[in-house]
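Me: I'd like to learn how to read a protein structure, one feature at a time. Could you walk me through this one?

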Amino acid sequence: MKSDTSEQILKLLETDSRLTPEEIAVLLGLDAEETKKRIEKLEEENVICGYHTLINWEKTDDINVSAVIELRVNPQRGMGFDRIAEKIYQFPEVDALYLMSGGYDFMVQLKKAPMRDIASFVSNRLSIIEEVQSTATHVVLKQYKDHGTLFVQKSGDQRMVITP
């Protein structure tokens with residue numbers, strides 16, 4: 001399998017996961033059956049880990065909030081950050097977990113939930129993990145763009161006003 005063809009398939013699927021193997025084959029000038037086999041192999045190898053739908057929750061009646069938590073931890077000798085990460089990503093409330101460089105160690109993205117549930121998770125489950133030094137919880141106030149998709153209407157004239 002030629003890797004740049006697989007990368008082209010991945011880029012198309014990342015942009016629009018609803019594309020069928022047949023549509024991808026046409027876009028890339030490939031055989032439809034070979035394209036389907038490549039996608040299946042990428043799924044088996046866990047290169048393609050899943051397919052997601054982006055929802056603009058502001059256009060619904062949903063009152064839950066999204067939260068991101070900065071986490072500072074004490075890494076364990078011989079285990080680094082992986083053992084702590086395993087403790088954190090096991091929680092069903094955790095939607096995503098990233099090891100970060102910079103001012104904190106982990107960024108924890110929680111599933112949308114009522115504010116009370118987020119506060120309870122942080123104070124009663126996350127912050128009591130022995131290696132956790134500190135947490136900083138941030139609530140998402142408005143989503144403008146996610147995975148390359150705009151959630152706001154573009155205004156007509158994007159030019160900056162300059163006055164003398």
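What follows is a chat about strands, salt bridges, surface patches and backbone angles in this predicted model.

Me: Let's begin with a strand. Which residues of β1 sit on the covered face, and which on the uncovered one?

Reply: Strand β1 covers residues 67-73. Its covered face holds Ala 67, Ile 69, Leu 71 and Val 73. Val 68, Glu 70 and Arg 72 make up the uncovered face.

Me: Which strands does β1 pair with, and in what sense?

Reply: There are two to look at here. With β4 (residues 132-139), β1 pairs in the antiparallel sense over seven bridges. With β3 (residues 106-110), β1 also pairs in the antiparallel sense, over four bridges.

Me: Can you give me residues to click on? Which residue is the bridge partner of Leu 71 in β4, and which one stands opposite Glu 70 in β3?

Reply: Leu 71 has Thr 135 as its bridge partner in β4. Glu 70 stands opposite Met 107 in β3. Tie that back to the faces: Leu 71 belongs to the covered face of β1 and Glu 70 to the uncovered one.

Me: Next, salt bridges. What is the general idea, and how many are found in the whole structure?

Reply: Side chains of opposite charge can pair when their charged atoms come close. In this structure, a search of the whole model finds six salt bridges. Let's visit a few.

Me: Which residue does Glu 34 meet in a salt bridge, and why are the two about one helical turn apart?

Reply: The side chain of Glu 34 meets that of Arg 38, at 3.5 Å from N to O. They are separated by about one helical turn because they are four residues apart in helix α3.

Me: Are Glu 34 and Arg 38 buried or exposed?

Reply: They fall in separate classes. Glu 34 is partly exposed, with a relative accessible area of 35%. Arg 38 has 9% relative accessibility, so it counts as buried, the cut-off being under 20%.

Me: What about a salt bridge between parts that are 50 residues apart in sequence?

Reply: Try Lys 112 and Asp 62, whose closest N and O atoms are 3.1 Å apart in their salt bridge. Lys 112 lies in the loop between β3 and α5 (115-126), and Asp 62 in the loop between α3 and β1, so this pair ties together parts that are 50 residues apart in sequence. Lys 112 is partly exposed at 30% relative accessible area, and Asp 62 is partly exposed too, at 28%.

Me: And what does Arg 18 pair with?

Reply: Arg 18 and Asp 16 form a salt bridge through their side chains, at 3.4 Å from N to O. Arg 18 is exposed, with a relative accessible area of 70%, while Asp 16 is partly exposed at 25%.

Me: On to the surface. Which residues gather in the patch of negative charge?

Reply: The patch consists of Glu 22, Glu 23, Asp 31, Glu 33, Glu 40, Glu 43 and Glu 44. Helices α2 (21-28) and α3 (32-44) each supply at least two of its residues. The most come from α3, with four. Asp 31 lies in the loop between these two helices and is partly exposed, with a relative accessible area of 48%.

Me: Which residues form the nonpolar patch?

Reply: Met 115, Val 139 and Leu 141 do, with about 310 Å² of accessible area together. Leu 141 lies in the loop between β4 and β5, and it counts as exposed at 80% relative accessibility.

Me: Last topic: backbone angles. What should I know about phi?

Reply: Most residues other than glycine have a negative phi. Here, Asn 46 has a positive phi, near 60°, and His 147 has a positive one near 50°.

Me: Where do Asn 46 and His 147 lie?

Reply: Asn 46 is in the loop between α3 and β1, and it counts as exposed at 51% relative accessibility. His 147 is in the loop between β5 (145-146) and β6 (149-150), and it is exposed as well, at 69%.

Note on methods:
Residues are numbered from 1 along each chain as its sequence is written. Side-chain values use heavy atoms; hydrogens and water are left out. Buried means under 20% relative accessible area, exposed over 50%, partly exposed in between (1.4 Å probe, protein chains only). Two strands pair if DSSP finds at least two bridges between them. Patches are made of residues with over 30% relative accessible area and no salt bridge: like charges are joined within 9 Å, nonpolar side chains (Val, Leu, Ile, Met, Phe, Trp, Tyr) within 5 Å. Accessible areas come from the Shrake-Rupley method with a 1.4 Å probe; for residues, only the protein chains shown count as cover. A salt bridge is a side-chain nitrogen of Lys or Arg within 4 Å of a carboxyl oxygen of Asp or Glu. Lys and Arg count as positive and Asp and Glu as negative; His and the chain ends are not counted. The place of a charge is taken as NZ of Lys, CZ of Arg, CG of Asp or CD of Glu.
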